[in-house]
Amino acid sequence: MFKLYYGPGTCARASYIALEEAGATYTTERLDMKNNQQNSAEYLEINPKGRVPALVTDHGVLTETPAMLAYIAQSFPQAKLAPSDAFAFAQAQSFNSYLCSTVHINHAHKMRGPRWATEESSFADMKRKVPQTMAACFALIERDMVKGPWVMGEQYTICDPYLFTLASWLEGDSVDIAQFPKVADHYKRMSARPAVQKVLAEEKA
């Protein structure tokens, strides 16, 4: 049994989709991010980082999306959400690490400026830069990373819900996804998957 703590529209969506794709038995708890529930005393006991997602397992709590996705894939090998070859799995981890350490951070500069600076002018400058940095990230993903039809090629993996999640932020970051045909096609096909539709519907409920 797993319990996923998430916020709608956040990177937690990737793990939510992966749990559904894996056929896992799980429950969810939605945090009210607008009212800062992620920093409540109750949640900080679960995840002292004060961020989502957090995945409660029989072995303890996991945080950080790449780790959670890998754990879900390895916990349900029959779902084949990760490559069995060691090098291919490392490539999948490399892709997800890039989304976590670079793409997500660039996106966060739009509204999380106080993490890195104190001057109001710095916040505005960071926000102005977001369309450029996000477009550059997705240009690299388009050119060098997405093998097609899925990120890793023919096999649907834990990379796919993660890319879908971050690609969903592009419109809000003033980046037109249409300029990245492979990413746009991936997003369209992901949107048609039953697991994705279920998660999106539950986020909106």
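Okay, let's start with one small spot: just after helix 1, Gly23 takes a positive phi of about 75 degrees. Before going on, I should say that this is a predicted model, so keep that in mind throughout.

Right after that glycine we get to Ala24, which sits in the loop between helix 1 and strand 2. Is Ala24 buried or exposed? Its relative accessibility is 12%, so Ala24 counts as buried. And what does Ala24 touch, if we skip residues up to four places away in sequence? The answer is Phe2, Leu19 and Phe76. To get a feel for distances here, take Ala24 and Lys127: they are 103 residues apart in sequence, and from C-alpha to C-alpha they are 38 Å apart in space.

Now back up into helix 1 itself, residues 12-22. Nine of its eleven residues are buried, so helix 1 is largely enclosed by the rest of the structure. If you want to find them on the screen, the buried ones are Ala12, Arg13, Ala14, Ser15, Tyr16, Ile17, Ala18, Leu19 and Ala22. So what covers them? The cover includes three strands, namely strand 1 (2-6), strand 2 (26-30) and strand 3 (54-57), along with helix 3 (65-75), helix 6 and helix 8 (194-204).

Helix 6 came up there, so let's go to that one. How many of its nine residues are buried? Nine of the nine, so helix 6 is mostly covered. Reading along, that's Cys159, Asp160, Pro161, Tyr162, Leu163, Phe164, Thr165, Leu166 and Ala167. These buried residues pack against a whole set of helices: helix 1, helix 3, helix 4, helix 5, helix 7 and helix 8.

Just ahead of that, look at Thr157, in the loop between helix 5 and helix 6 (159-167). Thr157 has 0% relative accessibility, so this residue counts as buried too. Setting aside neighbours within four places in sequence, Thr157 is in contact with Leu81, Pro83 and Met152.

Okay, on to how the helices pack. Two packed helices are described by the angle between their axes and the distance between the axes. I'll go through three pairs that way.

Pair one is helix 4 with helix 6. They pack at an angle of about 20 degrees, and their axes are 10 Å apart. That makes helix 4 roughly parallel to helix 6. The crossing of this pair is left-handed. On the helix 4 side, the contact is made by Ala92, Phe95, Asn96, Leu99, Cys100, Val103 and His104, and on the helix 6 side by Cys159, Tyr162, Leu163 and Leu166. By class, the residues of this contact are nine nonpolar, two polar and no charged.

Pair two keeps helix 4 (residues 86-108) and brings in helix 5 (residues 120-145). Here the axes come within 9 Å and cross at roughly 160 degrees. Helix 4 and helix 5 are therefore roughly antiparallel. Helix 4 passes helix 5 in a left-handed crossing. Who meets whom? From helix 4 we have Phe95, Tyr98, Leu99, Thr102, Val103, Asn106 and His107, and they meet Val130, Thr133, Met134, Cys137, Phe138, Leu140, Ile141 and Met145 of helix 5. The classes in this contact are eleven nonpolar, four polar and no charged residues.

Pair three is helix 5 with helix 7 (residues 181-191), at an angle of about 85 degrees and with axes 8 Å apart. Those two are therefore roughly perpendicular to each other. Helix 5 contributes Phe138, Ile141, Glu142 and Arg143, while helix 7 contributes Pro181, Lys182 and Val183. This time the split is four nonpolar, no polar and three charged residues.

Last stop: the cysteines. How many disulfides are there, if two cysteine sulfur atoms have to be within 2.5 Å? The count comes to zero. Take Cys11, which is in no disulfide: the nearest cysteine sulfur belongs to Cys100 and is 7.3 Å away. Cys11 has 7% relative accessibility, so it counts as buried. Then there's Cys137, also in no disulfide, with the sulfur of Cys100 again the nearest cysteine sulfur, 13 Å away. Cys137 is at 4% relative accessibility and therefore counts as buried.

That's my tour, so over to you for questions.

Definitions and conventions:
Residues numbered from 1 in each chain as written. Predicted model: local features only at pLDDT ≥ 70, side-chain atom pairs only at ≥ 80, totals over all residues. Heavy atoms only, no water. Axes fitted to C-alpha atoms, helices over the stretch in contact; angles between N-to-C directions. Helix = DSSP H or I, 4+ residues; strand = E, 2+ residues; numbered from the N terminus. Parallel < 35°, antiparallel > 145°, perpendicular 65-115°, else oblique. Left-handed = near helix turned anticlockwise from the far one by under 90°. Contact = heavy atoms within 4.5 Å. Nonpolar A, V, L, I, M, F, W, Y, C, P; charged D, E, K, R; others polar. Disulfide = S-S within 2.5 Å. Buried < 20%, exposed > 50% of the residue type's maximum accessible area, 1.4 Å probe, protein only.
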